[in-house]
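The following exercises are intended for a reader who meets this structure for the first time. Please attempt each task before reading its solution.

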Number of protein chains: 2
Amino acid sequence: MQDKRTAIAIVDDHTLFRKGLMSLLAESDEVEILFDASNGLELKKNINAENLPEVILMDINMPQMDGYAATKWVTKTYPSVKVLALSMFDEDKPIIEMLKSGAGGYLLKESKTTELVLAIKTIASHGFYMNNLVSGKLIKSLQDPVPAKSEISEISANELKFLQLSCSELTYKEIADKMNLSPHTIDNYREALFHKFEIRSRTGLVLFAIKNDLIKL
Amino acid sequence: MQDKRTAIAIVDDHTLFRKGLMSLLAESDEVEILFDASNGLELKKNINAENLPEVILMDINMPQMDGYAATKWVTKTYPSVKVLALSMFDEDKPIIEMLKSGAGGYLLKESKTTELVLAIKTIASHGFYMNNLVSGKLIKSLQDPVPAKSEISEISANELKFLQLSCSELTYKEIADKMNLSPHTIDNYREALFHKFEIRSRTGLVLFAIKNDLIKL
DNA sequence: AAACAACAGGGTAAAAACAGCTTTTCTTAA
DNA sequence: TTAAGAAAAGCTGTTTTTACCCTGTTGTTT
């Protein structure tokens with residue numbers, strides 16, 4: 001396992017983190033950093049089929065092209081490249097989403113250096129890195145067979161706009177004015193959303209929008 | 001300015017970031033890292049009056065004792081120590097809060113290494129480091145003379161419970177039942193909150209609770 | 001005794017929730 | 001090209017909930 005360094009790339013929008021990690025890993029003789037990028041788009045530009053990294057350390061929240069999209073793209077375009085997600089969040093959603101997107105492992109930024117190096121080596125040789133975080137969420141996602149919950153994508157453009165305007169102290173009548181629509185049409189949107197997402201009140205509408213990140217506070 | 005290295009400490013709960021930053025700054029001959037800590041509590045343990053850092057790089061979100069509390073404590077206990085806030089967020093609230101807590105500057109984690117070193121040197125010699133982020137927010141906070149907004153602490157225990165229950169699809173009548181009170185009493189709470197915080201609808205109540213972190217999603 | 005806060009009541013008008021039905025507009029497939 | 005169907009927009013109602021007003025009781029503080 002010690003015959004050569006593992007070639008990696010780092011994708012993270014926080015320059016200080018990225019450069020810090022590069023400096024840290026440069027000290028190790030286990031890995032070799034080919035390049036770094038501040039988001040998925042930059043990764044697409046910098047990655048080179050002639051000199052592919054074995055493992056990419058991938059952040060999730062990034063401008064322009066985030067970790068989910070970047071992981072999907074890279075695992076599809078270069079199937080030999082493994083992705084190790086590196087994030088601050090230990091919540092279910094990002095972990096499961098990153099694994100679904102094609103990541104072979106998930107590590108928290110609060111991990112120790114030794115664990116990071118171990119994860120890189122493991123993922124390079126076996127294709128995945130299993131830790132408590134990942135195995136726990138995997139089991140959970142198996143037990144919880146994706147509630148078949150109505151998808152947010154089932155919302156039309158107008159319904160979305162209505163939903164966003166509902167998260168204010170405007171009355172439905174005022175919302176109708178703002179959207180240049182009849183109050184009755186607004187009422188149709190309201191009912192459609194109520195049925196689709198099992199909501200019974202305007203308060204429920206607001207809560208739904210917030211939980212699904214459909215509005216910004 | 002080159003007669004000696006600037007002594008610093010790093011406080012951040014993400015080990016990989018912290019260690020990475022240490023490795024990065026170790027390459028520079030401008031700074032010397034005395035110690036690091038993963039949160040405010042650890043900082044309190046590790047800091048030593050005999051060998052104080054000149055500048056502390058301080059994260060905001062940390063377990064046990066966050067950046068606000070840690071900055072307040074350290075600037076009060078050791079007035080000679082300067083704090084440079086280091087965060088991912090470029091929003092108003094954390095910036096202004098950290099400056100109020102005693103930080104002499106605020107830098108984003110997406111900054112470049114050179115800017116970090118410059119900020120450390122500047123804050124060590126002048127006590128503060130001014131960049132567009134900081135100056136802009138400072139001006140804004142001056143123009144916006146803290147809206148004299150009614151304090152959240154003016155909420156009674158029952159009003160708070162009512163407010164939290166309002167963030168659901170329960171009707172006021174059902175909330176009254178849950179709290180073993182008359183619907184009229186609930187109506188009094190509602191009116192009191194409406195007047196105190198200039199709210200005109202139940203939706204406003206929900207939005208207020210969320211913005212002020214009075215409920216957990 | 002006055003002032004205050006918490007609780008409780010009646011009444012009213014507006015807004016929200018719910019139901020059922022018609023018209024317009026846009027696909028799409030015969 | 002048009003007939004059929006679906007989706008979006010619109011309308012008429014009714015009931016329930018919310019928002020707002022003012023009054024009154026009780027118990028505590030000053």
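**Exercise 1: Phosphate contacts of the DNA strand**

In this predicted model, an N or O atom in the side chain of Tyr172(A) lies 2.5 Å from a phosphate oxygen of DNA strand C. Determine which part of Ser182(B) lies 3.1 Å from a phosphate oxygen of DNA strand C.

Solution.
Step 1. Begin with the side chains. Besides Tyr172(A), Asn158(B) has a side-chain N or O atom 3.2 Å from a phosphate oxygen of the strand.
Step 2. Turn to Ser182(B). Here the atom at 3.1 Å from a phosphate oxygen is a backbone N or O atom.

**Exercise 2: The surroundings of DNA strand C**

Describe the surface near DNA strand C by residue, by element and by class.

Solution.
Step 1. Count the residues. DNA strand C is surrounded by 16 residues, and the closest are Tyr172(A), Arg202(A), His184(B), Thr185(B) and Tyr189(B).
Step 2. Assign elements. At least two residues of this surface come from α9 (183-197) of chain A, and at least two from α9 (183-197) of chain B.
Step 3. Sort by class. The surface comprises 7 polar, 5 charged and 4 nonpolar residues.
Step 4. Consider the DNA side. Sugar or phosphate accounts for 55% of the strand atoms within 4 Å of the protein, and bases for the rest.

**Exercise 3: The area between the two protein chains**

State how much area chain B and chain A bury between them, and which three residues of chain B supply the most of its share.

Solution.
Step 1. Choose a quantity. Interface size is often expressed as the accessible area lost when the parts come together.
Step 2. Give the value. Chains A and B bury about 2800 Å² between them, with 67% of it on carbon and sulfur atoms.
Step 3. Name the contributors. Of the area that chain B buries against chain A, 26% is supplied by His14(B), Leu16(B) and Glu169(B), more than by any other three residues.
Step 4. Add the residue counts. The contact involves 35 residues of chain B and 35 residues of chain A.

**Exercise 4: Polar links and contributing elements**

How many salt bridges join chain B and chain A, and which element gives the largest share of the side of chain B that touches chain A?

Solution.
Step 1. Count the salt bridges. There are 2 between the chains; one of them pairs the side chains of Glu169(A) and Arg200(B), at 3.4 Å from N to O.
Step 2. List the elements. On chain B, α1 (15-26), α5 (113-126) and α10 (202-211) each give two or more residues to the side touching chain A.
Step 3. Identify the largest share. This comes from α1(B), with 8 residues.
Step 4. Sort by class. The side of chain B that touches chain A has 14 nonpolar, 11 polar and 10 charged residues.

Note on methods: Residues numbered from 1 in each chain as written. Chains lettered and ligands numbered in written order. Predicted model: local features only at pLDDT ≥ 70, side-chain atom pairs only at ≥ 80, totals over all residues. Heavy atoms only, no water. Contact = heavy atoms within 4.5 Å. Buried area = accessible area lost by both parts, 1.4 Å probe. Salt bridge = Lys/Arg side-chain N within 4 Å of Asp/Glu carboxyl O. Helix = DSSP H or I, 4+ residues; strand = E, 2+ residues; numbered from the N terminus. Nonpolar A, V, L, I, M, F, W, Y, C, P; charged D, E, K, R; others polar. Near = heavy atom within 4 Å. Polar contact = N/O pair within 3.5 Å; in protein donor to acceptor, adjacent residues only side chain to side chain.
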